[in-house]
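Good morning, colleagues. Please turn to the sequence and the model on the screen, and I shall take you through several of its features in turn.

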Amino acid sequence: MSLLARLDRLPLSRPHYLLLLLGGLGYTFDGMDSAVVAFLLPSVQDAWGLNNAQLGLIGSATPFGFLFGATCAGLLGDRIGRRKVMMWALGVYAVFSVVGAMSPNYEIFLGARVLAGFGAGAESAIIAPFLSEFVPAARRGWFVGALAGFFSFGFVAAALLGRFVVQPVPEGWRWAQVITALPIVMLLWWRRSLPESPRYLLACGKTAEAEQVVVDLERKVQAATGQPLPPVPEVAVDKPAEARKIGLLSALKYLWSGRMARRTSITWLIWFVITFSYYGFFTWIPTLLVQQGITVTKSFEFSIIIYLAQVPGYFSAAWLGEFLDRKNTIALYLAGAAASAFWMSQMTDPVLITVAAAVLSFFLNGTYAAVYSYTPEVFPTWIRASGTGLSSAFGRVGSIIAPSVIGMSAATLGFAGVFGMTTAVLAVGVVCTLIFGLSTAGRSLEDLTEADARKEPVR
């Protein structure tokens, strides 16, 4: 009897939602760490007399760390297990958030932001592929999209920290980073509650361990629902895969070979487009609002409104992903973001700018919900974490260059030019997604990937 068929026929219930909460809290703090930098910049500039170039480096520090964290997490997740990488990543992130809070000078602060970003990027890249391997195909898009939705809570929390901690509290920028380090206590919970992915265990040939995870989950689901478990579909018995050692070069060779090249290229492009637009927008929006004549206090308050728009953006896209397919949902929300960016580029009134920015926030974050659902679905189990991590890492190239590009563009092109450029980038993403994207809704992970994986083994 197939373990994966047993796993996929389980109805979503309390054990699945506990996994969603555990992973979601990780994303909440990842989002908070990413977003809080925008609110720290004015304070650290005053503390150390920094120029705009140094502020730009701080804005790029966390995404730079994200890039390497996502790359390492993916490769390690396929070698030593998803669960271990998640826990180590969380620890690194929390420790260096505290180092950043205690930094005596700009140089140590910059290094701490890079390393905190490394931990956050590693965690961000591993959670989605990990949890996608527990969820039945019929609900996987909603589940992983809702998981990504927890990022929005982190951004709202960062805006609240900016308004009520960073600005009014003495040395508030330091205390804000201490607060972002609080998830270190989650390690104790994760250590006791998180099982390893049974799909990963099977891919490593650890059939007995995979069997135990599935049995435990079946028992918990039956206890939660109070109903007999659904019958197991008659499919072929799982064949334990030969464990494969994955390195960066072998992973890239496989991902860019044969049929995988098209999947990899469109996935990387989508990640770059959304991450460039997202970080360019959210890193600079408080500053751009101030430049439009809005006070710092009002800028932070407007930012809270803009960040709140993320919440319905994420969860609406998670819901639509099951009906429209992830590919079409990505294209729809990218198109909405492009239209919103253009609208924003035409506005001069602060209130209308804020409304347009909130709509842009809605669509940008909805795109992320669909992208986080889509990415793990297009890569085989044995390289799923690496494929997801490398896709996320390539997207981080966009987040690294976006703050600097937007900063330079704002000086020469002005407010309208910045968001006109964002519109063009998003439009490219819409067209390429519709033409080259893969339809994934309602299909099992094995149906989507494993046949191709068997035809093209890594060498």
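A network of salt bridges links Arg6, Arg9, Glu211 and Glu218. I should say at once that this is a predicted model. Within the network, the side chains of Glu218 and Arg9 form a salt bridge, with an N to O distance of 2.7 Å. This pair ties together distant parts of the chain, 209 residues apart: Glu218 belongs to helix 10, residues 207-225, whereas Arg9 sits in the loop between helix 1 (3-8) and helix 2. Glu218 and Arg9 are both buried.

Helix 10 also holds a pair of another kind. Asp216 and Arg219 lie three residues apart in this helix, about one turn, and their side chains meet in a salt bridge at 3.8 Å, N to O. Asp216 has a relative accessible area of 27% and is therefore partly exposed. As a general point, side chains of opposite charge can pair when their charged atoms come close.

How many salt bridges does the structure hold? The total is 15. One of them joins Glu322 to Arg326, with the closest N and O atoms 3.3 Å apart. Arg326 has a relative accessible area of 1%, so this residue counts as buried.

I turn now to the surface. Trp319, Phe323, Leu324 and Leu332 make a nonpolar patch of about 430 Å². Helix 14, residues 310-324, supplies the largest share of that patch, namely three residues. Leu324 is placed in helix 14; because its relative accessibility is 34%, Leu324 is classed as partly exposed.

Thr433 offers a contrasting case. Thr433 lies in helix 17, residues 384-436, and is buried, because its relative accessible area is 1%. Its C-alpha atom is 7.4 Å from that of Ile330, although 103 residues separate the two along the chain.

Finally, the interior. A search of the whole structure finds three cavities of 30 Å³ or more. The second largest has a volume of about 80 Å³. Its lining includes Asp30, Phe151, Tyr278, Tyr368 and Arg396. Which elements give two or more residues to this lining? They are helix 2 (14-48), helix 6 (137-166), helix 12 (260-291) and helix 16 (350-377). Helix 2 provides the largest share, three residues. By character, the lining residues of the second largest cavity divide into seven nonpolar, two polar and two charged.

Thank you for your attention.

Note on methods: Residues are numbered from 1 along each chain as its sequence is written. This is a predicted model: local features need pLDDT of at least 70, side-chain atom pairs count only at pLDDT 80 or more; totals for chains, interfaces and linings use all residues. Side-chain values use heavy atoms; hydrogens and water are left out. Patches are made of residues with over 30% relative accessible area and no salt bridge: like charges are joined within 9 Å, nonpolar side chains (Val, Leu, Ile, Met, Phe, Trp, Tyr) within 5 Å. Accessible areas come from the Shrake-Rupley method with a 1.4 Å probe; for residues, only the protein chains shown count as cover. A salt bridge is a side-chain nitrogen of Lys or Arg within 4 Å of a carboxyl oxygen of Asp or Glu. Helices (H or I, at least four residues) and strands (E, at least two) are DSSP runs, numbered from the N terminus. Buried means under 20% relative accessible area, exposed over 50%, partly exposed in between (1.4 Å probe, protein chains only). On a 1 Å grid over the protein atoms alone, a cavity is a set of points where a 1.4 Å probe fits but cannot get out, and a pocket is an open set with protein on both sides within 12 Å along at least five of seven lines; lining residues have an atom within 4 Å of a point. Grid points are joined across faces, edges and corners, and a volume is the space filled by probe spheres set on the points. Ala, Val, Leu, Ile, Met, Phe, Trp, Tyr, Cys and Pro count as nonpolar, Asp, Glu, Lys and Arg as charged, and the others, Gly among them, as polar.
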